[in-house]
Amino acid sequence: MANNEKVVTRFAPSPTGFMHVGSARTALYAWLLAKKNNGTFILRIEDTDKEREVAGSIEHIKKSLKWLSLNWDEGPDIGGPSAPYIQSERLEIYKKYANILIEKGYAYADPYTAEEIENFKKKSEEEKKPFLYREYRPENPPPWDGSKPLRFKVPELKRTEWKDLVWGELSAGIEALDDFVLIKSDGFPTYNFAHIVDDIEMGVTHIVRGQEFIASTPKFLSVYEALEITPPNFVTVPPIMGADGKRKLGKRDGAKDILDYENEGYLPETMVNFLAFLGFNPGGEKEIYTKEELAKVFDLNKIQKSGAQWNDDKLDWMNREHIKLLPEEERNEKIFDRLQKNPEISKSEKIKDRDYVSKIYPIIFDRISKWSDIDTMISAGELSYFFEKPTLEKEKIVWKTQTQENAKENLEKVLGIFESEITNYESCKEKIIQHATEVGKGEVLWPLRYALSGKEKSPDPLTLISVLGIAESKERVAKAIQILTP
RNA sequence: GGCCCUAUCGUCUAACGGUUAGGACGUCGCCUUCUCAAGGCGGUAAUCAGGGUUCGAUUCCCUGUAGGGUCACCA
C-alpha cells in the first residue's frame with residue numbers, strides 16, 4: 001500500500017441480533033484507525049443470510065454505535081460515494097464480479113445435489129481426511145443459470161503467505177484452499193465473496209476483523225489473485241474471552257448487548273476506554289483515556305495477539321474514574337435522574353424538593369461506580385432514611401461498650417443542643433463534637449447515628465444532620481429516647 | 001483429527017538481548033474513623049517446561065505442554 005493513500009476502514013456487521021462487546025471493540029478499533037489517520041470509517045450491513053436475519057437489528061446496531069459515538073462517514077442512512085451500503089441492495093455488483101470470474105475460468109456452477117455433497121463429506125470422514133470440495137471438482141460443469149451455487153475455482157494450489165499488520169507474517173498450507181461458494185442458490189453472495197467485492201468497491205484499505213478470519217484468509221487471497229487486485233491490509237484483532245478465560249466471548253457464552261451496559265449505568269466513555277484496552281495498550285502508565293486521546297495513541301503494533309479476559313471489576317473501577325471526570329453538574333443530574341426513576345423513591349414527596357435531594361448527591365457519589373448502583377443502594381435500604389423516618393430497634397441504639405442508660409443520656413444531651421441551636425447547624429455540629437470528645441465518641445455518635453438512620457451502616461451523624469435538618473433530626477432523636485425510656 | 005495461531009502476577013498489561021521484571025484491577029494490611037463509603041500509605045503475587053544461540057535471554061531458534069481459532073449454500 002502506498003504510504004500516502006487515505007486510510008479507509010469499515011465495520012461490517014450482519015443484522016442477526018444485538019451488537020455484543022466483541023463486535024463493539026472491532027468497530028472501535030476500525031474507527032480509531034480511521035480517526036488516527038484522518039481517514040474514512042464506513043458502516044456496511046452484511047445481510048446476505050436472510051434466514052438468520054433478525055428484525056430491528058440494523059437499528060439496534062446503529063443505536064449502539066451512536067451510543068459509543070463511533071460515527072460513520074459513509075453508511076446506510078447517510079449514503080456516500082459507494083452507496084448503497086446494504087449488501088442485499090448490491091446484488092448486481094456481486095453478479096458483475098461473479099461474471100468476471102466465470103469469464104476468467106475461476107468460477108463454475110456446482111452440479112451436485114446437497115445429498116451428493118453430504119456423501120462426499122461422509123466418505124472423507126470415514127477416511128479420516130479433511131473434506132475438500134475441490135477434489136470432486138466436475139470435469140464439465142453446466143452453465144451457471146443461478147439455480148445452482150456458483151463456486152470459486154482455486155487458481156493455483158500453493159502455500160499461502162501473507163502479512164498481517166498485527167500478527168506479522170502468516171502462512172497456511174494448501175489444505176486451506178478450496179472451491180467455496182461465491183453465490184448461493186438463492187442469488188445472494190456468501191460473506192466470503194461479498195465482503196471482498198465490497199471492500200474493493202468501497203476502497204477499504206484496512207480490514208479490521210476478528211481472529212476467526214485468519215483461517216479463511218488464504219481463500220480470500222486466492223480470490224484477489226484471480227481478480228488480479230492487490231488485497232488490502234489485514235488488521236486482525238484477538239478475541240475477547242469470557243470471565244472464566246475458557247472461550248471466546250460469544251453471544252451464547254454470555255457476551256452482553258453493548259446497550260445493556262448503558263442500562264446498567266456505565267458511561268459510553270468507559271466502554272470505549274475499557275474495550276480499547278482489552279487487547280491494546282499504548283504503553284506508559286496512563287489508563288484513563290478519552291476517545292480522542294485514544295485515537296491519537298492508537299497503534300496497530302501495540303495490539304495484543306492473545307485473547308483478553310473480560311473483567312467486570314476493572315470495568316467498574318474504570319467507570320468510577322470516568323464518573324469522577326464528569327462535570328459536577330452533569331454527574332448530579334445523572335444521580336437525580338436515577339433516583340427519580342426508582343419506583344421506591346419516586347413515591348416520596350421529598351424527591352420533589354431539589355434543594356433537599358441535592359444534599360444527598362455527594363453521599364451517593366462516594367458509594368457508586370455506576371448509576372445502577374443507586375438502585376442497589378435503595379433496595380438495600382441505604383438511602384431510605386433520607387426519604388422516610390426509620391424504624392428503630394431498641395438494642396441497636398446502644399453502642400457496644402455502653403449501657404442503655406448511658407445511650408439515653410447522651411441522646412438527651414444532643415436533643416438539648418438541638419433545642420438551643422435549632423437554626424444553626426455549624427454551632428450544633430461544634431457542640432455535638434465537643435460533647436462526644438468529652439464522653440467518648442462512640443457513645444454519642446453511634447446512638448445518634450442510629451437514631452437518625454435506623455441503620456448499623458450509614459454516613460456519619462453530622463452529615464446526616466446536615467441533610468435532614470435540625471428539626472427532623474430532633475424528632476428522630478426524641479423518638480429514640482422514647483424507645484429507650486422504660 | 002488436519003491446518004493456523006498464542007503463551008509475563010488471579011486478571012488487563014509494560015519492559016531496542018543487559019531493569020531489584022514496572023503499572024493498573026482484585027486481594028491483604030495499616031492510617032483515618034462511632035459504623036459504612038470515599039481517600040491516603042504499604043504488602044502479596046508472574047516471565048509454562050526443557051533444550052539451544054549468546055558474555056548475557058521475558059525478549060531469538062527448536063521440542064514439548066497448555067490454551068485459542070478454523071475446517072458451511074453462517075458471517
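## A buried helix

In helix 5, which covers residues 191-201, a run of residues is buried: Phe193, Ala194, His195, Ile196, Val197, Asp198 and Asp199. This is a predicted model, and helix 5 is a good place to start looking around. What do the buried residues of helix 5 pack against? Their partners are helix 3 (91-104), strand 7 (181-183), strand 8 (206-210) and helix 6 (217-227).

Follow the chain a little further and you reach Gly203, just after helix 5, with a positive phi of about 70 degrees.

## The chain as a whole

Stepping back, chain A has 21 helices and 11 strands in its secondary structure. Its C-alpha trace spans about 105 × 50 × 40 Å along the principal axes. The radius of gyration of chain A is 32 Å, while a compact globule of 486 residues would have one near 23 Å.

How much of chain A is buried? Of its 486 residues, 34% count as buried. Now take the contacts in chain A whose partners have a separation of 6 or more: residues 24 or more positions apart account for 78% of them.

## Around the RNA

There are 64 residues around RNA strand B, and the ones that come nearest are Glu46, Tyr191, Ser306, Lys441 and Asp460. Two or more residues of the surface near RNA strand B come from each of these elements: strand 6 (168-172), strand 11 (308-309), helix 10 (312-325) and helix 19. Which element gives the most to this surface? The answer is helix 19, with 5 residues.

Sorted by class, the surface near RNA strand B has 24 charged, 21 nonpolar and 19 polar residues.

## Helix 19 and its two partners

Helix 19 (residues 441-453) is also worth a look for its packing against helix 18 (residues 425-439): the angle is about 130 degrees and the axes are 6 Å apart. The two helices are therefore oblique to each other. On the side of helix 18, the contact is made by His435, Ala436, Thr437 and Val439, and on the side of helix 19 by Lys441, Glu443, Val444 and Leu445. By class, the residues of this contact between helix 18 and helix 19 are 4 nonpolar, 2 polar and 2 charged. Lys441 may look familiar, as it is among the residues that come nearest to RNA strand B.

Helix 19 also packs with helix 21 (residues 470-484), at an angle of about 110 degrees and with the axes 8 Å apart. How are helix 19 and helix 21 set to each other? They are roughly perpendicular, because an angle of 65 to 115 degrees counts as such. Helix 19 brings Pro447, Leu448, Ala451 and Leu452 to this contact, and helix 21 brings Ser473, Arg476, Val477 and Ala480. The residues of the contact of helix 19 with helix 21 divide into 6 nonpolar, 1 polar and 1 charged.

## A residue in strand 6

Strand 6 is one of the elements that give two or more residues to the surface near RNA strand B, and Ser171 lies in strand 6. Is Ser171 buried or exposed? Ser171 is exposed, because 11 other C-beta atoms lie within 10 Å and a residue with 12 or fewer counts as exposed.

Leaving aside neighbours within four places in sequence, Ser171 is in contact with Arg159, Thr160 and Glu161. With Thr160, the separation in sequence is 11 residues, while the C-alpha atoms of the two are 5.4 Å apart in space.

## Backbone details to look for

Most residues other than glycine have a negative phi, and most peptide bonds are trans. A few places in this model are worth a visit with that in mind.

The loop between helix 2 (57-67) and helix 3 holds Pro84, and a cis peptide bond joins Ala83 and Pro84, with omega about 0 degrees. Ser69 is placed in the loop between helix 2 and helix 3 too. Ser69 has a positive phi of about 50 degrees, although it is not a glycine, and it counts as exposed because it has 11 C-beta neighbours inside 10 Å. Lys128 sits in the loop between helix 4 (114-126) and strand 4 (150-152). Lys128 is not a glycine, yet has a positive phi of about 55 degrees. With 6 other C-beta atoms within 10 Å, Lys128 is exposed.

Notes
Residues numbered from 1 in each chain as written. Chains lettered and ligands numbered in written order. Predicted model: local features only at pLDDT ≥ 70, side-chain atom pairs only at ≥ 80, totals over all residues. Axes fitted to C-alpha atoms, helices over the stretch in contact; angles between N-to-C directions. Helix = DSSP H or I, 4+ residues; strand = E, 2+ residues; numbered from the N terminus. Parallel < 35°, antiparallel > 145°, perpendicular 65-115°, else oblique. Contact = placed C-beta atoms within 7 Å. Nonpolar A, V, L, I, M, F, W, Y, C, P; charged D, E, K, R; others polar. Near = placed C-beta within 6 Å. Rg over C-alpha atoms; globule rule 2.2 N^0.38 Å. Buried ≥ 20, exposed ≤ 12 C-beta atoms within 10 Å, placed from the backbone.
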